[in-house]
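Work through the two exercises below. Try each task before you read its solution.

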Amino acid sequence: MNKITPAYPIRRRALPMLAVLGLTLGLSVSCSDFLNVQPQGQPVVAEFFKNQSDAAAAVSSCYAKLREYNLVAFNWLSVTTLPSDDADKGSVPGDGDYLNDYSFFRFTATAGSAEGYWLGQYQQVLLCNQVIVNVPNIDMDAGLRSRYVAEVQFLRALAYFNLVRAYGGVPLYTKPAVTSDEQNIPRASRDEVYALIISDLTAAAGILPVSYPSSDVGRVTKGAALSLLAKAQLYQKNYTASLAASDQVLNLGYSLVPDFYRMFRIEGENGPESIFEVQCTSLPGNCDVANSYWAEAQMARPQLGWGFCTPSADLAAAFEPGDKRKLGTIMERGTTTPDGDFIDNSNSNERYNMKAYVPNSVDKSCGYGRDQNIRVLRFGEVLLLNAEAANEVGQTAKALAAVNRVRARAGLGALSNSLSQEQLRQAIWQERRVELALEYGDRYFDLVRQGRAATVLKSRGFVAGKSEVFPIPLSQIQLSGGKLTQNPGY
């Protein structure tokens, strides 16, 4: 199967950006003169969105953004993974010491990684809004036009989902902002952000296909929109709606891959369990086009990568005896991987993220792990979303059936049908932890939504009433002239 490599056409013809917004949201009126400068060497919007080729290039830019450094490397890992009990900074003392601020909740409103994460997500919102507003006006195949918009509605929803989980209510842009007033807007409420996410995903799910031909593997599907919808509804505690969305995904033909470890190797990409992955492919002679640093940032140092964001001892102890997922999640120093690579004892840390591992037998002409896809949504998680929602609405048998499918793949026995609702809730949360550990950065956000973060993360410095969200970057507050307000405690 071929992966889509959407960055490539953008290198030939750049998507117009009106992009100062994407770099510095919340600009004050005093900056308006800078916004009127015409982009050099780039077509303006009026010249660009003319035909189907332009539409395809614009949509490709949104997919390409998913691989950008802010959204896959240190800024991403700082916000999504290091604040959890699943990961430690890793690497060696003195290298990347600022990352410990995220592990121990010492970050401030001037923290660079949190600001980079904010900027990366909003740059994606800008790219998506350009498509959503302009592509419907292009004279092109009507079905493809609708599908392109639906794909990008999912990508915008994903960006806002990442933003609202990290910062709470954020500025809500639904079209390209041109004037100073359009650019400098206050924060929407958390519920308003989720309302847009749910609206985008609902609309997208009604249009997107269940699957694509092999030439378009990696594009957003109906299953992806419904899966993220089920997840967003769960975060809003809309359990009936979450259950309805995940029920639909259960009937779309996805299945659990028998070998958990193999699923995360390159040959396991876009398999029967995959619902949405960030596609990463090194192109001969152009290594920077379509790959990421996600794997290299985390892999064994110095043998394979940079060695950051390592599995914690607490995570290692969380797996039940005989759980096959431990091998697929934690690489241990001094052991040999199933692919035959000995992880030398000279490496700096005891454990590394096995989900980021790329065997030495794989071509590395563009760098270590640059071809490694990033798993965003897969069927194993949807089963756990389904189980959690079913349990919350009192459908115990349905909840047990879903969670026990996940446990069976892990080589574990079924949960007892005598569990109380609270006992089953805790068991499902535990399954989420060990199933999804170090994958797409859910653990910290799960603990917050479950109301357990203050207890579980207390030893790391979590402060109730503050640490549930990150600070709004001070630079953005200043640029807004104070229109953006800060989160409590920062």
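Two helices count as roughly parallel when the angle between them is under 35 degrees. Keep in mind that this is a predicted model.

**Exercise 1.** Describe how helix 20 and helix 21 pack.

*Solution.*

Step 1. Locate the helices. Helix 20 covers residues 396-409, and helix 21 covers residues 421-436.

Step 2. Read the geometry. The angle is about 30°, and the axes lie 11 Å apart.

Step 3. Apply the cut-off. Helix 20 and helix 21 are therefore roughly parallel to each other.

Step 4. Find the handedness. Helix 20 and helix 21 cross in a left-handed way.

Step 5. List the contact residues. Helix 20 supplies Thr396, Ala399, Leu400, Val403, Val406, Arg407 and Arg409. Helix 21 supplies Leu424, Ile428, Glu431 and Glu435.

Step 6. Sort them. The contact of helix 20 with helix 21 has six nonpolar residues, four charged and one polar.

**Exercise 2.** How many disulfides does the whole structure hold? Then check Cys128 and Cys309.

*Solution.*

Step 1. Search the whole structure. The result is zero disulfides.

Step 2. Recall the cut-off. A disulfide needs two cysteine sulfur atoms within 2.5 Å.

Step 3. Test Cys128. The nearest cysteine sulfur belongs to Cys62 and is 3.9 Å away, and Cys128 is in no disulfide. Cys128 has a relative accessible area of 0%, so Cys128 is buried.

Step 4. Test Cys309. The nearest cysteine sulfur is that of Cys280, 17 Å away, and Cys309 is in no disulfide. Cys309 has 2% relative accessibility, so Cys309 counts as buried.

Note on methods. Residues numbered from 1 in each chain as written. Predicted model: local features only at pLDDT ≥ 70, side-chain atom pairs only at ≥ 80, totals over all residues. Heavy atoms only, no water. Axes fitted to C-alpha atoms, helices over the stretch in contact; angles between N-to-C directions. Helix = DSSP H or I, 4+ residues; strand = E, 2+ residues; numbered from the N terminus. Parallel < 35°, antiparallel > 145°, perpendicular 65-115°, else oblique. Left-handed = near helix turned anticlockwise from the far one by under 90°. Contact = heavy atoms within 4.5 Å. Nonpolar A, V, L, I, M, F, W, Y, C, P; charged D, E, K, R; others polar. Buried < 20%, exposed > 50% of the residue type's maximum accessible area, 1.4 Å probe, protein only.
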